[in-house]
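Me: Please take a close look at the loops of this chain, with attention to backbone angles and burial. I would then like to see how they relate to the rest of the fold.

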Amino acid sequence: NKDALLIKNNNTVVYIIEDNVAKLKTVKTGISYLNSIEILDGLNEGEKIVIRGNERLRPNQKVKIKENK
């Protein structure tokens, strides 16, 4: 989901969640289609990424996960 992507210091980054803490990770993007985008490098399978509210997060900020149902 493109909403997960942020640009910081000329890098494309996303926030992942580890133990209820937001961690900033640099990613390499590929092909874009509609609201989706290919991630070529920087994420591991199964990592949870933030797609809403990520603009207001700070690195290492504690978060509470709200699952969409």
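Reply: **Loops and their surroundings**

Asp19 is exposed, at a relative accessible area of 76% (exposed is over 50%, buried under 20%, partly exposed in between; 1.4 Å probe, protein chains only). The model is predicted, with local features needing pLDDT of at least 70 and side-chain atom pairs pLDDT 80 or more, while totals for chains, interfaces and linings use all residues. Residues are numbered from 1 along each chain as its sequence is written, and side-chain values use heavy atoms, without hydrogens or water.

Asp19 belongs to the loop between strand 2 and strand 3 (strands are DSSP E runs of at least two residues, numbered from the N terminus). Its phi is positive, about 55°, although Asp19 is not a glycine. A second residue of this kind is Asn9, where phi is positive at about 50°, again without the residue being a glycine. Asn9 sits in the loop between strand 1 (6–8) and strand 2, and its relative accessibility of 74% makes it exposed.

Val27 offers a loop position of another kind. It is placed in the loop between strand 3 and strand 4 (28–33), yet it counts as buried, with a relative accessibility of 8%. Apart from neighbours within four places in sequence, Val27 is in contact (heavy atoms within 4.5 Å) with Leu5, Thr12, Val13, Val14, Ile39, Asp41, Gly42 and Leu43. Val63, by comparison, lies 36 residues from Val27 along the chain, and their C-alpha atoms are 21 Å apart.

One of those contacts of Val27, Val13, leads to the largest nonpolar core (buried Ala, Val, Leu, Ile, Met, Phe, Trp, Tyr and Cys joined through side-chain atoms within 4.5 Å). This core has 7 residues: Leu6, Val13, Tyr15, Ile17, Ala22, Val50 and Leu57. Strand 2 (residues 11–18) contributes the most, with 3 residues. Leu57, itself in the core, touches Tyr15, Ala22, Val50 and Val63, leaving aside its neighbours within four places in sequence.

Another loop residue, Glu47, takes part in a salt bridge with Lys25, where the closest N and O atoms are 3.0 Å apart (the criterion is a Lys or Arg side-chain nitrogen within 4 Å of an Asp or Glu carboxyl oxygen). The pair joins distant parts of the chain, since Glu47 is in the loop between strand 5 (36–41) and strand 6 (48–49), while Lys25 is in strand 3 (residues 21–26), 22 residues apart. The structure holds 1 salt bridge. Both partners are partly exposed: Glu47 has a relative accessible area of 24%, and Lys25 has one of 21%.

A strand residue may serve for comparison with these loop positions. Glu38 is located in strand 5 and counts as partly exposed, at 35% relative accessibility. With residues up to four places away in sequence set aside, Glu38 touches Lys28, Thr29, Gly30 and Ile31. Glu38 and Lys2 are 36 residues apart along the chain, with their C-alpha atoms separated by 9.2 Å.

To draw the loops together, Asn9 and Asp19 are exposed, whereas Val27 is buried and Glu47 is partly exposed.

How values were computed: Helices (H or I, at least four residues) and strands (E, at least two) are DSSP runs, numbered from the N terminus.
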